[in-house]
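Hi,

Here is the structure I promised to pass on to you. Have a look at it first, and then read my notes underneath.

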Amino acid sequence: MSETTTQGSSVSAFVSTLVVNVVIFSIFVSLFIVLKPKQSRIYQPRHVVDTVPGELQVEEQPSGVFGWFSFLWKQPTSFYVEKCGPDGYFFLRYLRVFIIVFTLTGLLIWPILFPINATGGGGQEGLDILSYSNNTYKWRVFAHVFLSWVLFGFCIYTIYKELVYYVSFRHALQVSPRYDSLLSSRTLLLDNVPESLSSEGELRTVFPAANHVWYARDHKELEDVVKERTKLAGTYESTLVKSIKKAVKDRKKLAKKGAALPEPADQFETYYKEGKLPTHRLKFLIGKKVSTLDYAPKRLSELNGELATAQNNWQDAKMVGSVFIEFPTQLELQRAYQAVPYNKDLKLSRRVTGVAPDDIIWENLQVGFVTRNSRAILAKTVLSLTLIFWAIPVAVVGAISNINYLTTKLPWLDFINNMPDVLMGIITGLLPTVALAVLMSLLPPFIKKMGKISGILTFQGVEMWCQSWYFAFQVIQVFLVTTLASSASSVVESIIDDPSSAMTLLGENLPKSSNFYIAYALLQGLTISSGVLAQVVGLILYHVLGKALDGTPRKKWNRYNTLGQPGWGTIYPIFQLLLVIVLCYAIVSPLIIIFIVIGLTLIYIAYMYNLTFVMEHSADARGRYYPKALFQTFVGIYLGEFVLIALFVMPENWACVVLEAVMVAVTVAAHLYMRWKFEPLFDAVPLSAIHIAQGDSGFQYPMKDQGLSEISQTGKEFFTETPATGPVETEKISKSNKDIKQDIESPARTGTGSGSLSSILSPEKNESIQPDTQSHVGFLNRDDEDQSGKVNAKTLQRFFKPRVYSSFEALRKIIPVRWNKRVRYDPQTVEFGYTSPLVRDAPPQIWIPRDSFGLSRTAVSTAREHGVTVSDQNAEIQDDGTLLYTGLPPDYEEAVKE
């Protein structure tokens with residue numbers, strides 16, 4: 001293989017990948033522009049779907065192709081907090097913050113390292129001339145070292161700054177009237193509760209302020225009956241609708257032929273040969289066959305009776321080792337939550353708060369300590385083995401990116417050298433990135449399944465488990481394995497000839513594998529972002545699969561009214577990987593920064609649109625994925641440092657090795673410090689913050705450590721001293737709550753944020769400090785620019801003084817004004833709030849379309865005789881076979897969304 005072929009492959013791969021991705025990007029964006037005005041259900045469902053809760057609905061987009069962009073760009077931070085939810089807001093912030101970080105560091109790195117690498121005398125060609133591998137001058141490497149200090153140091157400080165911001169925001173969010181009044185904010189979940197606390201009386205001696213106590217119970221028999229009833233109701237509904245549709249179709253055919261129509265028209269037997277009605281098996285394949293229309297109403301009636309009796313006696317079921325404890329106020333909840341680690345009887349208990357009943361994985365509540373640990377070990381072992389063996393297909397993908405280097409030792413691949421440059425570029429550039437993206441997309445469902453098996457208590461927890469493991473797969477497989485496979489394939493011939501030179505050769509060629517990640521960044525930035533914006537998957541699901549699969553009114557209604565939800569455990573790791581890539585290659589191949597920044601920017605714009613106009617909120621984790629992502633960013637910093645050390649070791653440049661090792665030590669120290677300083681603050685709220693929100697001027701938020709010492713002290717004193725919140729103080733706080741609620745619900749309350757509320761309850765001690773309420777651009781706020789467009793001195797102050805400009809009081813002012821109203825629950829919701837959904841499962845209501853010849857009325861009447869509800873309201877089937885729904889399902893209830 002010629003030298004020209006190998007050295008020019010990076011350029012051909014880059015150009016081919018760029019062209020293909022630009023073409024796809026153009027097609028998807030054109031699709032978005034053309035279809036958006038015509039397909040409102042796809043492109044702005046949160047405006048047109050009536051069942052979207054009022055606070056999540058958005059106004060119609062401004063006219064113009066990109067009017068929506070200027071509309072979104074002008075919105076204040078509180079708009080994004082409300083419309084995207086805390087989780088969506090922090091995901092956008094994650095992208096935005098690191099776009100700014102890498103743009104600024106790139107502007108510093110490019111003018112220094114591009115000339116150094118380009119004139120390094122290494123004889124590289126193509127894109128490789130700009131990489132570290134082209135530099136042969138030992139002392140020039142100090143530029144790489146000190147710029148790495150700037151890059152990694154800037155990232156570490158940004159992580160610190162953002163953790164300060166998140167904790168202040170989280171505490172401000174928790175004490176807002178909406179979140180303070182949520183049932184989930186006042187309820188504590190404990191598992192592995194010992195026998196000594198297995199009665200409510202004994203538990204109340206530990207937590208005397210408890211309002212309600214719900215012990216989790218073993219409802220296995222009840223679960224089996226509910227599953228049977230749910231499945232049978234679905235079969236019955238589907239069969240009724242199919243039978244009505246068959247009758248309409250048959251009558252239409254006969255009418256077209258001029259033949260006599262079958263009579264009696266309102267009997268199902270009329271439309272089946274010899275009266276053989278539809279059947280189903282009671283068990284898969286081997287079960288007894290029964291007539292669905294005869295069997296279902298009778299059996300549903302029996303199951304309804306069984307379940308009603310069991311649900312009335314639900315407290316007779318055996319208690320398992322988990323309990324929900326509801327407190328009258330969030331203040332009492334936080335006191336108890338912070339005290340759990342200091343109770344010797346609860347040492348093995350996990351404590352969870354802030355989760356709604358719908359977010360609980362109920363079957364995992366009855367998993368004991370030993371069983372849970374065994375299952376967790378099993379799940380982690382399975383995922384670890386998968387992590388190892390997944391390297392095989394990923395390594396093949398990585399080798400393809402440099403397959404032209406393998407042709408000398410694998411003669412049967414020699415035909416590759418005769419391919420046109422364009423085709424070669426597609427094979428080595430586009431094909432591996434697409435194959436890798438497909439491979440990785442198969443993993444999240446499997447990882448989440450393992451998370452449930454491991455005994456995690458909440459769906460939020462499963463998403464965070466997925467975030468951790470999927471990130472591990474992304475880093476190890478997409479980055480490490482692919483990098484090593486790509487580097488190794490490019491020098492395989494030389495290694496075979498001289499094995500002792502393996503490390504040196506791999507070190508020299510490691511920067512070249514950045515070409516693969518430039519292609520990967522193009523794929524994510526151009527194709528994936530435009531695909532997200534164009535809603536390609538949504539269009540297919542709604543218009544293609546919807547027409548093929550939605551054969552009942554309920555399925556059609558669900559298709560229209562059910563909005564997609566973001567799976568943060570899957571979304572975060574994909575884009576966290578881009579950060580890992582740029583942190584590893586920013587110094588050795590600075591060109592990659594440009595493409596990562598462009599990619600992240602396009603992704604940011606796409607998700608800014610989707611999280612505002614398209615997606616519904618998923619289970620509210622109150623932004624908890626954000627600090628996890630920030631801490632995982634340290635992985636990229638460590639890898640970037642070790643890559644540089646490895647490159648410095650090869651030529652025995654020990655001075656640079658030592659200097660980079662110093663940076664590693666600083667990184668480790670910063671990482672450990674931040675974990676110690678911030679992790680205890682993510683779910684715990686200092687009581688002083690709650691007192692301040694209640695209007696008590698005798699308290700001050702501990703901004704110095706954001707409540708770390710106070711939270712520890714509160715927990716230690718809970719079981720040893722008289723509670724600080726005695727009856728008199730509790731009465732005082734309750735009165736304060738009433739006063740606040742009256743003020744909040746006053747018609748005169750206006751504003752874009754909760755600034756006016758904060759000024760009433762706890763005036764700013766320093767009125768010159770203004771939070772970021774006018775823009776969502778973060779620390780490059782437009783308010784920090786003068787009329788000439790230059791960033792003024794306040795920008796640096798905001799960045800370097802996070803405990804001043806990201807204080808608790810400042811961030812209280814970006815809480816949406818709608819969240820100044822408290823949530824009210826009816827007594828029954830509170831009474832059964834954290835009982836198993838099996839106990840609350842209502843009898844099913846079958847929904848069928850009304851026809852013009854009486855079949856649906858027959859079905860309604862027959863079912864009523866057995867005490868089963870079948871409704872043909874709000875749905876109809878026309879004589880031409882068109883199936884329509886005209887209103888809500890009969891069993892529709894507006895969800896209590898937390």
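**A covered helix**

Helix H25 is mostly covered, with 20 of its 25 residues buried. You'll find H25 at residues 625–649. From its first C-alpha to its last, H25 reaches 37 Å, close to the 36 Å expected at 1.5 Å a residue. Keep in mind as you read on that this is a predicted model.

**The whole protein**

Now zoom out for a moment. The protein has 36 helices and 10 strands. Of its 898 residues, 55% count as buried. About 38,600 Å² is exposed, and carbon and sulfur atoms supply 60% of that.

How do the contacts spread along the chain? Take the contacts between residues at least 6 apart in sequence: 80% of them join residues at least 24 apart.

**A sheet of four strands**

Next, look for the open sheet of 4 strands. In what order do its strands sit? The order is E2-E5-E1-E6, and the pairing is antiparallel. E2 and E6 (351–353) stand at the edges with a single partner strand each, so one side of each has no neighbour in the sheet. On average, neighbouring strands here are turned by 25 degrees against each other, if you ignore direction.

You can walk through the sheet pair by pair:

- E2 (residues 212–217) is joined to E5 by 5 bridges, and the two run antiparallel. One spot to click on is Arg-217, whose bridge partner in E5 is Met-319.
- E1 (residues 187–191) pairs with E5 over 5 bridges, again in the antiparallel sense. Here Thr-187 has Glu-326 in E5 as its bridge partner.
- E1 is also joined to E6, by 3 bridges, and these strands run antiparallel. Leu-188 has its bridge partner in E6, namely Thr-353.

Is E5 mostly covered or mostly open? Strand E5 (residues 319–326) is mostly covered: 6 of its 8 residues are buried.

There is a helix to spot here as well. H12 (residues 330–339) lies across E1 and E6, and runs at about 155 degrees to E6.

**Two loop residues**

I also picked out two residues that sit in loops.

Start with His-219, in the loop between E2 and helix H10 (220–257). Why does His-219 count as buried? Its relative accessible area is 8%, and buried means under 20%, so His-219 falls on the buried side. Which residues does His-219 touch, not counting those up to four places away in sequence? They are Trp-314, Ala-317, Ser-836, Leu-838 and Val-839.

The other one is Ser-454, in the loop between helix H16 (443–453) and helix H17 (459–490). Ser-454 is buried too, because its relative accessible area is 4% and the cut-off is under 20%. Leaving aside neighbours within four places in sequence, Ser-454 is in contact with Arg-372, Arg-375, Ala-376, Ala-379 and Trp-465. Try looking at Leu-378 as well: Leu-378 and Ser-454 are 76 residues apart along the chain, and their C-alpha atoms are separated by 7.5 Å.

If you want a route through the model, go from H25 to the sheet and then on to the two loops.

Cheers

Technical notes. Residues numbered from 1 in each chain as written. Predicted model: local features only at pLDDT ≥ 70, side-chain atom pairs only at ≥ 80, totals over all residues. Heavy atoms only, no water. Expected span 1.5 Å × (residues − 1). Buried < 20%, exposed > 50% of the residue type's maximum accessible area, 1.4 Å probe, protein only. Pairing = 2+ DSSP bridges. Axes fitted to C-alpha atoms, helices over the stretch in contact; angles between N-to-C directions. Contact = heavy atoms within 4.5 Å. Areas by Shrake-Rupley, 256 points an atom, 1.4 Å probe, with all protein chains shown as cover.
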